[in-house]
Amino acid sequence: MQTLTIKNLTAEVDGKQILNGINLEINTGEIHALMGPNGSGKSTLSNVLAGHPDYTVTGGTISLNGEDLLEMSVSKRSLAGLFLAFQQPMEVPGLTIGKYLKRIVELRLAEGERMNVSAFIKDLKSNLDTVGLSHDFINRYLNEGFSGGEKKRMELIQMMMLEPSFAILDEIDSGLDIDALKTVATGVNKLKGGDFGALIITHYQRIMENIKPDFVHILYQGRIVKSGGRDLVDMLEAKGYGWVREEFNIPEEADEYQRTIAS
Amino acid sequence: MDNTILKQNIQEKLIGINKVSSDKFKKSNWPVPMEEEWRRTNLAKYDMSGFQLSQQTQNVSSSKSDIMDNDGNSSLIINKTSNTKAVIKLNESGSENVIIFEPSNPIMLNDSDTVLVNNLAEDAAAHFDNKLSSLALSSFKDSVFIIIPDNLELVKPLVVEFESDSGAESYLPNLFIHVGINTQVGFIQKIKSSDGSSVSGVLNVTCGDNSNVHTATVTDIGSDSLIFINRFFNLSKNAFLSDFQSATGGKLIKTRTEVDLSGEKADARLYGVLFSTDHTQIDMRTVQHHKAKNCFSQATIKSVVKDKGRTIYQGLIEVEEEASLTDAYLTNHNLVLNNGARADSIPSLKIRNNDVKCSHGSTTSKINEEQILYLTSRGIADEEARQMILEGFLSSVYDLLPVHVKSYSELLIMDKIKQKEEIS
């Protein structure tokens, strides 16, 4: 079993403190969901985990199997088993998906191990089938001219090809219709098991119908204010985030987020 | 055709052209920034002393040898002088019909081929007009003339490698090509020189009716070298040209590529990749000159600049009054890798007919750091991520090239980019 541990994490962006002490432990074999209204710090947390240079950690620790994640470069974090699905995946013109995926899979081979190209292509085609993208995508340039849904599916393809220990799926469900959501869930569920843990970051309850999380956390103003099981999702569905504010005596200003969600 | 030349020795005719060009060279001045084409490349800043008329006699005798490599491909090596050589790779059956003529070691030509060789040289002398092209034409000691007979189809390209290992004297790697009617043929011209060399060459290609021609000029020149190349293509009716040039290395590379679309329905595609690093200046000009009806032309040029490198691209679409229904495009994209590197883009149009479709566009951008984050977050190291983005940027040009040109040129320039990456 592997473990990703976040302790008392505080972080800021543009001099503004967004995370106010996050504590979270994820083991492989577990699916966690992190929910919260806009501005609660969800994306900041995923950016900090990825190592985005614009985000500064001001306190606390993140460790991956006891190793200090914050000391690792962005690429090293990935090679250590962490995967981040981007909210807005970048387009890289001229770089074909086939060539790109082959390279990132190759980077994970043990020293002296040779890549089995035909097995790679077979895997890739099967994964494309799983997320409902045609095999033509192998020769397309990475994310260039893709629709929002295609980009999200391409994130999943990468996750499935890399088989990370931990995946952080940052709003993988945003902008997707019901069918696409089901596809995303199929992708995540395909990896679900003893060697894989995930943190699904979302402010929609909908995706939880297809990906059944083991743990649900509610993020509010940079803190995890409540953790529980799947019943928390139902509670949010029924009562909205206002209930969280009341329960934890959070000042009125937070209502702005509530309205955003409602709209 | 001028039958009088048949009675003369072709050698004498060519020497006559050399003499006229030598005189022009002596009488003219170096181009100055007052001329629009030279506005951004001021020769006063460069040591032009290496660009001198040759002291050697015109009738230098070259040796020739045929070799066969392990794949059964034959090469013709022409040792032009002790310091320069031209290697011509003829890779398939059918290529024995190709006529290769080198003035320093002439073969007997039949009457019509004599006229063609003479015309190629004369046309070049009449067309090119600056001091550097006059120098190039002042001697044919390093020149190669190629005649592709009518109706010949070759799948593999002819590779012509010009190489000089002495920086002492000006190197004049001229290539003249006549492509007959109903042909299909490809050429790769590679110009290689040692450090500190002074190179001026012309390329003159005439493409006959219904010819399908692929050309590439790839320069691989030593550091501190100055190179000037004047290229001219004339396309007859229904001729198709796909031309590629890549430029990297040296101190200054200045090229001018002009395409005359002289016959109806001619089609020219010009592609270029420039990679400038250190203090290299690369100045490329293209001219898509529409002289006949219903022709298509397109120029797609990409440049990458790094360190203190600078590229200048000047593209002109010129449409003559009689060239109605012209369809012409010009695009230039530049990628600037760091502050201090610079890419200039000067597209222009001269249109004398209203019934045309012409457009030009250019962009200059930096590597987006979010792209780097994206790729590194998948385990790719930072340097490799930059390399991938750069290769991707260029591959949209490479992906448009015929396979043989792509594989040959891409390797060369990518190697160059990688070498530079390792050094920096």
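Q: Which residues of S6(A) are buried on its two faces?
A: This is a predicted model. In it, Leu82(A) and Leu84(A) are buried on one side of S6(A). Phe83(A) and Ala85(A) are buried on the other. Both faces of the strand are covered.

Q: Why do the residues split between two sides like that?
A: Because side chains in a regular strand alternate between the two faces of the sheet.

Q: Which strand does S6(A) join, and how many bridges are there?
A: Strand S9 of chain A, residues 166-170. The two run parallel and 4 bridges join them. In one of the pairings, Phe83(A) has Ala167(A) in S9(A) as its bridge partner.

Q: What's the strand order in the whole sheet?
A: The order is S6-S9-S10-S3-S11-S12 in chain A. That is an open sheet of 6 strands with mixed pairing.

Q: Which are the edge strands?
A: Strand S6 (82-85) and strand S12 (223-228) of chain A. Each pairs on one side only.

Q: How are neighbouring strands turned against each other?
A: By 20° on average, with direction ignored.

Q: Now S3 and S10 of chain A: parallel or antiparallel?
A: Parallel, over 5 bridges. S3 covers residues 31-35 and S10 covers residues 197-202. Met35(A) stands opposite Thr202(A) in S10(A).

Q: New topic. How many residues of chain B are in contact with chain A?
A: 18 residues of chain B, in contact with 19 residues of chain A.

Q: Which element of chain B gives the most to that side?
A: H6(B), with 8 residues. Helix H5 (369-376) and helix H6 (382-398) of chain B are the elements that give two or more residues.

Q: What kinds of residues are on that side of chain B?
A: They divide into 8 nonpolar, 7 polar and 3 charged.

Technical notes:
Residues are numbered from 1 along each chain as its sequence is written. Chains are lettered from A and ligands numbered from 1 in the order in which they are written. This is a predicted model: local features need pLDDT of at least 70, side-chain atom pairs count only at pLDDT 80 or more; totals for chains, interfaces and linings use all residues. Two strands pair if DSSP finds at least two bridges between them. Axes are lines fitted to C-alpha atoms, for helices over the stretch in contact, and angles run from 0 to 180 degrees between N-to-C directions. A residue is buried if 20 or more other C-beta atoms lie within 10 Å of its own, exposed if 12 or fewer, and partly exposed in between; C-beta atoms are placed from the backbone. Two residues are in contact if their C-beta atoms, placed from the backbone, lie within 7 Å. Ala, Val, Leu, Ile, Met, Phe, Trp, Tyr, Cys and Pro count as nonpolar, Asp, Glu, Lys and Arg as charged, and the others, Gly among them, as polar.
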